[in-house]
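Please open the structure in your viewer and keep the selection tool at hand. We will move from one residue to the next and say what can be found at each stop.

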Amino acid sequence: MKNIVLIGMPACGKSTIGYWLSKKINYPILDADKYLEEKENRVISDIFSNEGEEYFRELETKYLKELSEKNGIIISTGGGAVKKKENIDILKKNGIVVFLNREIADIYKENHEKRPLLKNINNIQKLYDERIDLYRKYADIIVKNNDDMDIIVDRIVTALKGKL
């Protein structure tokens with residue numbers, strides 16, 4: 001059984017949609033960032049602050065390799081996992097990559113108070129501009145996150161038919 005790999009901007013709905021998708025198709029969901037934090041016994045913000053982004057990206061690749069060796073799971077990646085082609089190569093070996101595309105205004109509207117990185121719409125736009133081509137390039141399936149959860153999950157399930 002192949003894995004389903006969710007990619008997209010921070011706060012595009014990977015964890016939430018992944019949760020509802022897991023209920024619908026009976027695949028367990030694993031959040032790659034939470035997995036890394038559990039394995040390292042510390043939070044990502046501390047890793048970024050103390051060792052920097054490059055070190056974090058090395059850890060991210062290490063743990064994405066571990067996750068990709070599992071079968072029949074949903075992997076919710078961190079928003080920047082696409083920055084390293086090696087990560088996508090690893091995940092595509094046994095996975096179907098689904099890009100959850102969400103409007104910048106919607107990301108900002110729902111998350112600017114909860115997530116420091118998303119407090120400024122200009123920051124969100126900058127991240128989006130840096131990553132959008134990578135998300136599109138690496139996606140096997142692109143789904144817009146612009147509707148009710150049931151509809152979005154049904155879109156994904158329909159797009160996955162025959163691919164798992």
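The tour below visits residues that a database record annotates, in a model that is predicted.

Begin by selecting Asp33, Arg57, Gly79 and Arg131 together, since these are the residues that UniProt, in an unreviewed entry, lists under "binding site". From this set, the lining of the largest cavity takes in Asp33.

Now select Asp33 alone, and you will find this residue in helix H2, which covers residues 32-40. Asp33 counts as partly exposed because its relative accessibility is 26%, a value between the limits of 20% for buried and 50% for exposed. If you show its surroundings and set aside neighbours within four places in sequence, the residues in contact with Asp33 are Ile44, Phe56, Glu60, Ser76 and Gly78.

Go next to Arg57, which is placed in helix H4, residues 53-68. Is Arg57 buried or exposed? With a relative accessible area of 11%, Arg57 is buried, because buried means under 20%. Display the side chains of Arg57 and Glu60, and you can trace a polar contact of 2.9 Å that joins them. Beyond residues up to four places away in sequence, Arg57 touches Phe48, Gly80, Ala81, Lys83, Lys84 and Arg131, and Arg131 is also one of the residues in the UniProt list from the start of the tour.

Finally, select Ser15, which the "binding site" annotation in an unreviewed UniProt entry also covers. Ser15 lies in helix H1, residues 14-25, and is partly exposed at 37% relative accessibility. Not counting residues up to four places away in sequence, Ser15 touches Ile29, Asp31 and Ser76, and Ser76 is also in contact with Asp33.

Note on methods:
Residues numbered from 1 in each chain as written. Predicted model: local features only at pLDDT ≥ 70, side-chain atom pairs only at ≥ 80, totals over all residues. Heavy atoms only, no water. UniProt positions renumbered as here; feature names shortened; annotations may be inferred. 1 Å grid on protein atoms, 1.4 Å probe; cavity = no way out; pocket = protein on both sides within 12 Å on 5 of 7 lines; lining within 4 Å. Helix = DSSP H or I, 4+ residues; strand = E, 2+ residues; numbered from the N terminus. Buried < 20%, exposed > 50% of the residue type's maximum accessible area, 1.4 Å probe, protein only. Contact = heavy atoms within 4.5 Å. Polar contact = N/O pair within 3.5 Å; in protein donor to acceptor, adjacent residues only side chain to side chain.
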